[in-house]
Amino acid sequence: IGTFLTGNAYSGEVTKQRVQYLEDLSIRRRLLALFYKGQTMATDQTITIEELQTLSKDLDNILTHQQGEEEQHFGDIVKGLMNDVADRMNDVNQSGMMTGLRLFDSRYGWHGGDLIVIAGAPSAGKSTLATTIAYNMSVRSVPVAFYSMEMSAKQLTARIIARRTQVSSSTTLYGKLSDAEYSRLYDGTMAMANLPIYFDEDSKTSFNRIRGSIRRMVKRYGVKVVFLDYLQILANGADNNREQLLGDMARDLKRDAVELDIAICALSQLNRSGDRVKEPNLSQMRGSGQIEEACDTAVLVYRPFVYGIERYKDGTLT
């Protein structure tokens with residue numbers, strides 16, 4: 001019996017998540033019951049004002065109980081902020097989730113509530129950059145979720161595996177491996193099998209379904225970082241005011257990041273430019289003004305060596 005119990009026991013964090021999930025379901029059921037009760041009372045001419053006031057109090061009690069645990073005093077926030085400042089002064093990198101890339105980790109990684117936008121021209125390497133960060137974070141035990149509108153979960157997995165095994169994703173997916181390549185691939189995949197990276201193929205049909213899936217991922221698996229590849233595909237079909245739609249999507253992602261205390265990294269396509277050699281700028285990003293306002297960090301991917309440029313404007317090598 002002891003072996004059965006220990007073998008089927010959940011960790012404290014998983015148990016906490018499941019308890020929170022059950023509490024949320026309970027509150028939803030109570031609110032739904034009050035909603036139906038209110039509908040009935042609204043059409044019943046015999047209902048008194050006192051009964052309506054009681055219904056209102058019941059609703060207020062549920063919402064007050066739900067929100068009470070989220071209230072924080074200014075002084076407590078100040079103490080936490082000063083602790084973060086002290087940690088950074090002492091080089092204690094505990095305030096953010098490290099990406100493994102100096103560009104982001106110079107600010108002590110990504111933080112809960114952040115919306116990061118990575119934009120670039122077609123084939124500039126946005127997806128490769130995102131999968132690299134996802135891999136780097138997962139090996140640091142940070143749970144991540146990845147939603148790609150262009151690639152399947154199997155294709156994404158092959159890209160991530162290539163980081164460790166040095167076997168190209170195209171070879172893994174479509175080629176015939178040598179014995180040495182197969183050995184590296186097998187050993188590498190076995191070592192990576194437990195990385196906390198999650199996919200949801202069924203949710204990719206709409207933006208709202210992805211948002212719902214993100215919430216489930218956070219509750220079930222404790223996901224801390226979400227990658228979304230990429231915004232413009234999700235806005236396809238919206239011919240009228242597409243720029244406004246992209247802005248709304250960015251703002252919704254920012255709100256979700258803050259509410260769920262996670263970092264969301266959304267990839268964005270740049271408009272095609274006649275001069276591909278020229279360094280990109282934010283004005284090339286469709287919906288750039290509104291997306292830029294919503295995000296905390298906007299990064300433009302540019303690989304000048306692809307165009308035969310050996311040095312940046314400041315003289316440094318590319």
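In this predicted model, a network of salt bridges links Arg211, Arg215, Asp252, Arg255, Asp256 and Glu259. The structure as a whole holds eight salt bridges, and following the members of this network one pair after another is a careful way to become acquainted with the part of the chain in which they lie.

A convenient place to begin is Arg215, whose side chain meets that of Asp256 in a salt bridge, with N to O at 3.4 Å. This pair links distant parts of the chain, since Asp256 belongs to helix α12, which covers residues 242-260, while Arg215 belongs to helix α10, which covers residues 207-221, and the two residues are 41 residues apart. As for their surroundings, Asp256 has a relative accessibility of 2% and therefore counts as buried, whereas Arg215, at 29% relative accessibility, counts as partly exposed.

Arg215 also takes part in a salt bridge with Glu259, where the side chains meet at 3.0 Å, N to O. Here too the pair links distant parts of the chain, with Glu259 in helix α12 and Arg215 in helix α10, 44 residues apart. Glu259 has a relative accessible area of 54%, which means that this residue is exposed, so that Arg215, itself partly exposed, is joined by salt bridges both to Asp256, which is buried, and to Glu259, which is exposed.

Another salt bridge of the network stays inside a single helix. Arg255 forms a salt bridge with Asp252, and the closest N and O atoms of the pair are 2.4 Å apart. Both residues lie in helix α12, where a spacing of three residues, about one turn of the helix, separates Arg255 from Asp252. Asp252 is buried, because its relative accessible area is 16% and the limit for that class is under 20%.

What, finally, is the count of disulfides in this structure? The count comes to zero, where a disulfide would require a pair of cysteine sulfur atoms within 2.5 Å. Two of the cysteines may still be looked at for their surroundings: Cys265 is buried, with a relative accessible area of 0%, and Cys295 likewise counts as buried, at 13% relative accessibility.

Technical notes:
Residues are numbered from 1 along each chain as its sequence is written. This is a predicted model: local features need pLDDT of at least 70, side-chain atom pairs count only at pLDDT 80 or more; totals for chains, interfaces and linings use all residues. Side-chain values use heavy atoms; hydrogens and water are left out. A salt bridge is a side-chain nitrogen of Lys or Arg within 4 Å of a carboxyl oxygen of Asp or Glu. Helices (H or I, at least four residues) and strands (E, at least two) are DSSP runs, numbered from the N terminus. Buried means under 20% relative accessible area, exposed over 50%, partly exposed in between (1.4 Å probe, protein chains only).
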